[in-house]
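Me: Could you take a close look at the empty space inside this protein and at the helix packing that goes with it? I'd like one connected walk through the model, not a list.

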Amino acid sequence: MSALEITGLSKSFGGLHVIQDISLKVTEGERRLILGPNGAGKTTLFNLIAGDLSPSAGRIKLSGEDISHLPTYRRAAHGIGRTFQILTLFGGETVIRNVVLAGLGRTPKRWRPIGALDNDRALRSKAMEILQGVMLDHIAEKPVSETSYGERRRLEIAMALAQEPKLLLLDEPLAGLSREERKAVETLLQRFPRSLTIIMIEHDMDVALAFAERIALLHNGKLLVDGSRDEVIADPRTKEAYLAQ
């Protein structure tokens, strides 16, 4: 079954056609890489899937349900989680409180006064379990302002996981990381269960190609090549549009 099905998706800003008639399917549990040069429309595609932008045309289905016109918060409730190129964290809070706040939106407890969260054992227990999964449990009580950039990247992934997604969109999770930090995130990606479908935008080709099972190559807002990892890498259009950059 398709976890995500996109049909004829387009997005224009006035006369600027950023996404043009893209159609693709992502199966449940798949590891999909979105590849393309800068300005190809990769992040715009993520924004359309997550609901941060409305499509000019086309449909988006999540597990068979049309979500094309649902607002962002409704898509999150339906199982879409994401990270961003620019980190979006609560800098004045601790690591664990960031994860608690991210998970809060999935529960009726979100209507309670925020001060009660510190004593909520269920939310904190779940947050700590997620932090263990991303190898950050040892700094759970540390303020985010005192963490490294690589730790913040993993924290953002933890916050996305706290929303219990079925589909996880990772927008350049390795951007700006050191070699050691990249290794940590690469290990994390390999540990994700197959119950989670992952689509990733990434420019680190070694990690991206080791991760990907199928690749969609975008160029000038169009889907240029779509297929298995070997098929896309061998395609001369890939070399012309991306690998030769």
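Reply: Before the residues, one term: a cavity here is a set of grid points where a 1.4 Å probe fits but cannot get out, and a residue counts as lining if it has an atom within 4 Å of a point. Keep in mind throughout that this is a predicted model.

Let's start with the enclosed space. With a cut-off of 30 Å³ or more, the count comes to 1 cavity. The largest cavity holds about 40 Å³ of space. Which residues line the largest cavity? They are Leu4, Ile6, Leu24, Val26, Arg32, Ile34, Leu45, Phe46, Ile49 and Ile199. Sorted by class, that lining has 9 nonpolar residues, no polar ones and 1 charged. As for where the wall comes from, at least two residues each are supplied by β1 (2-13), β2 (16-27), β3 (31-35) and α1 (42-50). Helix α1 gives the largest share, 3 residues.

Now for the open space. The largest pocket has a volume of about 460 Å³. Its lining runs to 20 residues, and the closest to the pocket centre are Thr72, Tyr73, Ala76, Ile80 and Gln163. The elements that give two or more residues to this lining are α2 (72-78), β6 (80-82) and α5. The largest share is again from a helix: α2 contributes 5 residues. By class, the pocket lining divides into 9 nonpolar, 5 polar and 6 charged residues. Set that beside the cavity lining, with its 9 nonpolar, no polar and 1 charged.

Helix α5, one of the elements in the pocket lining, is a handy bridge to the packing. Take its partner α6 to begin with. Helix α5 (residues 149-161) packs on helix α6 (residues 179-191) at an angle of about 20 degrees, and their axes are 9 Å apart. Angles under 35 degrees count as roughly parallel, so α5 and α6 are roughly parallel to each other. The crossing of α5 past α6 is right-handed. On the α5 side, the contact uses Tyr149, Gly150, Arg154 and Ile157, and on the α6 side Glu181, Ala184, Val185 and Leu188. Those residues split into 5 nonpolar, 1 polar and 2 charged.

Helix α5 also meets α3 (residues 95-104): the two axes come within 8 Å and cross at roughly 30 degrees. That angle makes α3 roughly parallel to α5. Here too the crossing is right-handed. From α3 come Val95, Asn98, Val99 and Ala102, which meet Leu155, Ala158 and Met159 in α5. This contact has 6 nonpolar residues, 1 polar and no charged ones.

Helix α3 then leads on to α4 (residues 121-133), and the geometry changes. What is the angle between α3 and α4? They pack at about 115 degrees, with axes 9 Å apart. That makes α3 roughly perpendicular to α4. The crossing of α3 and α4 is right-handed. In this contact, Val95, Ile96, Val99, Val100 and Leu104 of α3 meet Leu123, Arg124, Ala127, Met128, Ile130 and Leu131 of α4. The contact divides into 10 nonpolar residues, no polar and 1 charged.

If you trace it on screen, Val95 and Val99 are worth picking out: they are among the α3 residues that meet α5, and they are also among those that meet α4. So the route to follow goes from α6 to α5, from α5 to α3, and from α3 to α4.

Note on methods: Residues are numbered from 1 along each chain as its sequence is written. This is a predicted model: local features need pLDDT of at least 70, side-chain atom pairs count only at pLDDT 80 or more; totals for chains, interfaces and linings use all residues. Side-chain values use heavy atoms; hydrogens and water are left out. On a 1 Å grid over the protein atoms alone, a cavity is a set of points where a 1.4 Å probe fits but cannot get out, and a pocket is an open set with protein on both sides within 12 Å along at least five of seven lines; lining residues have an atom within 4 Å of a point. Grid points are joined across faces, edges and corners, and a volume is the space filled by probe spheres set on the points. Helices (H or I, at least four residues) and strands (E, at least two) are DSSP runs, numbered from the N terminus. Ala, Val, Leu, Ile, Met, Phe, Trp, Tyr, Cys and Pro count as nonpolar, Asp, Glu, Lys and Arg as charged, and the others, Gly among them, as polar. Axes are lines fitted to C-alpha atoms, for helices over the stretch in contact, and angles run from 0 to 180 degrees between N-to-C directions. Angles under 35 degrees count as roughly parallel, over 145 as roughly antiparallel, 65 to 115 as roughly perpendicular and the rest as oblique. A crossing is left-handed if the near helix is turned anticlockwise from the far one by less than a right angle, and right-handed if clockwise. Contact means heavy atoms within 4.5 Å.
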